[in-house]
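Visitor: I'd like to learn how to read a sheet, a residue inside it and a chain contact. Could you walk me through one example?

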Amino acid sequence: MNTSHATTWGRGFLLKLCLMALVDALGVYAVILAWSRQSWVIAAFLVISLIAANVVYFSRRMTPAKYLLPGLFFLAVYQIFVIAYTGYAAFTNYGDGHNSTKDDAIAAIEANSFQRVPDSAGYPLTVLEKGSDLAFLVTEPDGSAALAAADEPLAPAPEATFTGSKATGLEGYTTLALGDLLQRQSEILALQAPLGEDPSDGVLRTPDGSTAYAYLPVLVYDEAADNFTDTSNGDVYRPSEDGRFVDDSGQALEQGWRVFIGAKNFTSVLTEPSLRGPFWSVLIWTFVFAISSVALSYFLGLALAIVLNHPSVRGRKIYRSLLILPYAFPAFLSVLVWQGIFNPQFGFMNTQVLGGADIQWLTDPWLARLCVIVVNVWMTFPYMFLISTGAIQSLSSDVMEAASIDGAGWFQIFRLIKLPLLLVSTAPLLISSFAMNFNNFNSIYMLTEGGPLKHPTDQAGSTDILISFVYRLAFSGVNKQYGLACAISMMIFVIVATISALSFRRTGSLEEMN
Amino acid sequence: MTSPAIPAPVTGEPLAWPSGSDTTSPEPRRGPQHWLKVAGWRHLVGLLALVFALFPIVFVLSGSLNPTGSLTSPDALFSVFSGQNYLDLFSDPRYPFADWFRNSMIIGFTTAAGSVFIGACAAYAFSRSRFRGRRAGLLGLILLQMFPQVLAYVAIFLLLMTLTEVFPAIGLDQQLGLIMIYLGGALGTNTYLMYGFFNTIPKEIDESAKIDGASDARIFFTMILRLSLPILIVISLLSFIGTLNDFMIASIVLTTPERQTLAIGLYQYVNVSFSQNWGVFSAGAILSALPVVIIFWFLQRYIVSGLTSGAVKG
């Protein structure tokens, strides 16, 4: 009999009821919040999730879903969505200068293009404050007062109080003293108070806090024709395919917007000279780094396991407890410690081991590559030692005995029997280890930051692997290229997935799954 | 073709370090010369490996006790002893080490507990139920493992920028936001491993419990989870270490110094005038590593068997 307990009253059910009430309360609150901020997509996603949760947990069936749902929720948002978004961004020109939508770009261009009307008369100005918002109180040429703020176009202020002929105060507002003016200088200089409802009416700005001038936009947007006109020389800027406003001579306005550019990010990696060179050398080095890290640490670990795993060696447990230390020591700390060891002036390597040598361990391209591998081998060989020891101890001794009775030597037994058996049983772990090292950001970035760079303007350094190259493109460069970074991320995914799929298929480790 | 021998996923017994050969009595004594030939060189190799393995750790321990506190005075190891660096570590307001330590522990423990729970639930469903899309789900999880979250961190950053506007509590510069990102990776990294372990727990146990009237939830919480407790602890530890080690995602999410983690904080320590900060950094490194190393040592026999069945340190 398989009765479901989903709605049978009992302690478990009450507990579930309380938990679901909590989830629903939080969920409804979140939906309302998302709705009020006009985030329709988020609100819709939350509504669907909430309905799903209630259906699943109060249903008498759908037992598997009850156990899968919490994980699936987080997976959907923080893994599947971000992967999909990475895939989407890879086909756009997202990055500095193309950060947002076209409407945002138009607004930004207009806001940045105000210039003082040449030879226009200034308005005597008093800066006021209401709450923390600033406002401009100006005296018009006819002697009357008018008020303008960032979101309030200029309007007459008949209640203003005057000092001499200059309007200096208004009820409900505080007049800023000189000290306050100085303190909030940058805010005051940045304030653009519109002269009318239409942006083309211009704005009031002040260069000094005591006089305001009329500023007019140099670039005027024409909605019907969808172009910008430069009022100073009559140039017309039209939207281009790559998401910018460009004039006839090819000059583009700085602020652009995000557009689909097809596979351009992928092709430019392979064709554009400034990217192609770095990309291929980074790709090759990524393979060299990942393969040699795994291979060297595996053979070091295996050799140690074979040597120490012998009945005549006493204290094997002590060896194991101590050799496990580099593995137990948090990896990011290990890398930073090694950075200190390799410091050319003060590091232990130069001052103590080599007696005052002056070797540029981390700034010479080839030495830096060597160091990165040494450090990585240091961090992984205990792991390889542990799994090799486990694998050796699970080998059946019958085959070995049979071989030695047949007259096989020690080395023959090792090479023809032990090694193949060990490789087969550890292969899945080696593949995972390779996949992990392929994206081993910490080992590279914390030791060398991917450097040394041959030239300061280079796109990639000598020890950059693909993932640190992506980081450089997206976050540490002068020009952030999110789209390009996402495209390379997708390429890494394809490479790692292909290699892993092929090798798992070869080792047949997925056959067990029924 | 014979199917390859994959290290057996842990069953109740092999959880212990296979110690069979340790208990066999050593070969009869035949004098020191024979010992040298058989075991002596092995110890020599072992000692060399120990030197390679331990010297960076000895180096940082020595540095942490040296009160001159810099790399610029290249003293021999352990020439001076002082706790000054450890005191300095907690007194510099620019580098709030105590905050980083607490943050790392909170984020690490929450993530470890949450992600093991989420993963265990999913693994239980895959192991014990047969439902449509089960095989596709398992394959999907393996595929997701190939796409670690670090690859998507540009998208994660942009997602969090959007979330900041709607739900500031889980947006940028929020530890809860970071924990939720880590939980998103939980299903991909842990489920398949635990699925293997749960499969080794005989189904007859659930079935007899079911006949006795136990609900699914009861079987899961009081039997499956209890029987696999050692391996759950190992996976939590590995998840904790993975979180502790994460620099990339943590550094794009957390920006206020007091909210950052050890990985970001200690990296900045080293990045800014490394040679002067060396002593204090060493003290911080020792204190940060201590909890992990101690737990590791206590659990090593479980970890070893957990490793051989497929967990890779992240």
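Guide: We'll go from a sheet to one of its residues, and then to the contact between two chains. Keep in mind that this is a predicted model.

Visitor: Let's start with the sheet. In what order do the strands β12, β13, β14 and β15 of chain A lie?

Guide: In general, strands of a sheet pair through backbone hydrogen bonds, either parallel or antiparallel. Here the 4 strands of chain A run in the order β12-β13-β14-β15, forming an open sheet with antiparallel pairing. The edges are β12 (219-222) and β15 (245-246) of chain A; each has a single partner strand, so one side of each lacks a neighbour in the sheet.

Visitor: Over how many bridges do β14 and β15 of chain A pair?

Guide: Strand β14 (residues 236-239) and β15 of chain A share 2 bridges, in the antiparallel sense. P239(A) sits opposite F245(A) of β15(A).

Visitor: Now Y237(A): buried or exposed?

Guide: Y237(A), which belongs to strand β14 of chain A, has 20 other C-beta atoms within 10 Å, so it counts as buried. Beyond its neighbours within four places in sequence, Y237(A) has contacts that include F228(A), F245(A) and L253(A). Also, its C-alpha atom is 7.4 Å from that of D248(A), 11 residues away along the chain.

Visitor: And how many residues does each chain bring to the contact between A and B?

Guide: An interface's size is often given as the accessible area lost when the parts come together. Counting residues instead, chain A brings 97 residues and chain B 93 residues. On the chain B side, helix α2 (residues 32-65) gives the most, with 14 residues. By class, that side has 66 nonpolar, 20 polar and 7 charged residues.

Definitions and conventions:
Residues are numbered from 1 along each chain as its sequence is written. Chains are lettered from A and ligands numbered from 1 in the order in which they are written. This is a predicted model: local features need pLDDT of at least 70, side-chain atom pairs count only at pLDDT 80 or more; totals for chains, interfaces and linings use all residues. Two strands pair if DSSP finds at least two bridges between them. A residue is buried if 20 or more other C-beta atoms lie within 10 Å of its own, exposed if 12 or fewer, and partly exposed in between; C-beta atoms are placed from the backbone. Two residues are in contact if their C-beta atoms, placed from the backbone, lie within 7 Å. Ala, Val, Leu, Ile, Met, Phe, Trp, Tyr, Cys and Pro count as nonpolar, Asp, Glu, Lys and Arg as charged, and the others, Gly among them, as polar.
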